[in-house]
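Colleague: Thanks for sitting down with me over this one. Could we go through it by question and answer?

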Amino acid sequence: LQIMLGWNNKILATIDTVSLDEPTKILTLEATLSNDRDWLNSAAIEKFWLSDTNTGTELVPKSTIVSRVGGKYVVEFNLNALPEGNINITANARDRYKNTTSKLYGTFKVDRTPPVIAVQYENKDVANTPTVYGLENLVLKVTDQLSESKITRVQLFGGPTSDAVDLSWSTTGKDQYAIEYPRVFPSLNEGESYRLVVTAQDGQMNTATKDVSFNYLPSNLVTLENLTTLSVNKALKT
């Protein structure tokens, strides 16, 4: 019976780079172990993993070794497997002598929830408003708990001429927008309504759409109640 013993506390692995491909959410780690080609593979890196920097807890994504050439390792982690939230990530590597090395990546934000869109008129939801006077008085709100969000499109449909137009908008405050006045011809008849479709997107490409219907009259329209006058056979003058 022959037993071989070995130890190493001088030639340690290094994590050279940790980088993220934003569209795919693939984190790539490049590591080096200079004596990786030792006899019986005894000095190889046996494990790569990610941990929560704040707690030290190992994170869900498992490592995939893409290449291993001359002591140079390229390893990938799919961060799509992480739960939602802001996670501070540290990359780790351990060789077969149980020496461990780490490198801080930093905070990674996971957001799979689309933004929330609200369309309001006079501080009330448009759904609870029978008639909107002036589209410029509508307030569009777009909120997202984890990412910055923005409006990407506003469309208006309906009315007496069956309008289908794209509208412009401007920022009026944090997460709040107003519609630029459109070139449309609103109906003066009851029962004819418009549809407003608002599309928004957050920083992680989650998209939401809000579709609301309402009656619309221009804000400069003057309406008078019925007048009671004496019966005369000539035109009245003021």
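Colleague: Leaving aside neighbours within four places in sequence, which residues is Asp211 in contact with?

Modeller: Happy to start there, and please keep in mind that this is a predicted model. Asp211 sits in strand 17, which covers residues 207-217. Once its neighbours within four places in sequence are set aside, its contacts are Arg195, Leu196 and Val197.

Colleague: What distance does the polar contact between the side chains of Asp211 and Arg195 have?

Modeller: Along the chain, Asp211 and Arg195 are 16 residues apart, and their C-alpha atoms are separated by 6.8 Å. Their side chains are joined by a polar contact of 2.5 Å.

Colleague: Is Asp211 buried, partly exposed or exposed?

Modeller: Buried would require under 20% relative accessible area, and exposed would require over 50%. The relative accessibility of Asp211 is 41%, so this residue counts as partly exposed.

Colleague: Let's turn to the fold. How many helices and how many strands are there in the protein chain?

Modeller: The protein chain has 238 residues, and buried residues make up 37% of them. Among contacts with a separation of 6 or more, 60% are between residues 24 or more positions apart. As for the elements, the count is zero helices and 17 strands.

Colleague: In the open sheet of three strands, which strands stand at the edges?

Modeller: The order in this sheet is 3-6-7, and the pairing is antiparallel. Two of these strands have a single partner each, so one side of each is left without a neighbour in the sheet. Those edge strands are strand 3 (45-52) and strand 7 (100-110).

Colleague: And what does the twist average from one strand to the next there?

Modeller: For this sheet of order 3-6-7, the twist from one strand to the next averages 20 degrees.

Colleague: Which residue in strand 6 is the bridge partner of Lys47?

Modeller: Strand 3 pairs with strand 6, residues 85-95, in the antiparallel sense over seven bridges. Looking across to strand 6, the bridge partner of Lys47 is Arg94.

Colleague: Asn92 caught my eye. Which residue's side chain does it reach with a polar contact of its own side chain?

Modeller: Asn92 lies in strand 6, and at 5% relative accessibility it counts as buried, because the limit is under 20%. Its contacts beyond four places in sequence include Ile15, Phe48, Trp49 and Thr101. The Asn92 side chain also reaches the backbone oxygen of Thr90 at 3.2 Å. The side-chain to side-chain polar contact, at 3.1 Å, is with Ser51.

Colleague: Which strand supplies the largest share of the largest nonpolar core?

Modeller: That core has 25 residues, and those with the most contacts inside it are Phe48 and Leu79. Strand 1, strand 2, strand 3, strand 5, strand 6 and strand 7 each supply at least two of its residues. The largest share, four residues, comes from strand 6.

Colleague: How many residues does the other core have?

Modeller: This core lies apart from the one above, and Tyr194, Val198, Ala200 and Val212 are among its members. Its size is 23 residues.

Colleague: Which residue in the turn between strand 1 and strand 2 has a positive phi?

Modeller: Strand 1 and strand 2 run antiparallel and are joined by seven bridges, with Ser19 partnered by Thr28 in strand 2. They form a hairpin with four residues between them. The residue in the turn with a positive phi, about 60 degrees, is Lys25.

Colleague: In the sheet of five strands, which strands are left with one side lacking a neighbour?

Modeller: The five strands form an open sheet with antiparallel pairing, in the order 9-8-11-15-14. Within it, strand 11 and strand 15 pair over two bridges, and Lys141 stands opposite Gln176 in strand 15. The edge strands have a single partner each, so one side of each lacks a neighbour in the sheet: strand 9 and strand 14.

Colleague: Last one: is Leu167 buried or exposed?

Modeller: Leu167 is found in the loop between strand 13 (163-166) and strand 14. Its C-alpha is 7.9 Å from that of Tyr181, 14 residues away in sequence. With a relative accessible area of 7%, which is under the 20% limit, Leu167 is buried.

Conventions:
Residues numbered from 1 in each chain as written. Predicted model: local features only at pLDDT ≥ 70, side-chain atom pairs only at ≥ 80, totals over all residues. Heavy atoms only, no water. Buried < 20%, exposed > 50% of the residue type's maximum accessible area, 1.4 Å probe, protein only. Contact = heavy atoms within 4.5 Å. Polar contact = N/O pair within 3.5 Å; in protein donor to acceptor, adjacent residues only side chain to side chain. Pairing = 2+ DSSP bridges. Axes fitted to C-alpha atoms, helices over the stretch in contact; angles between N-to-C directions. Core = buried A, V, L, I, M, F, W, Y, C linked by side-chain atoms within 4.5 Å.
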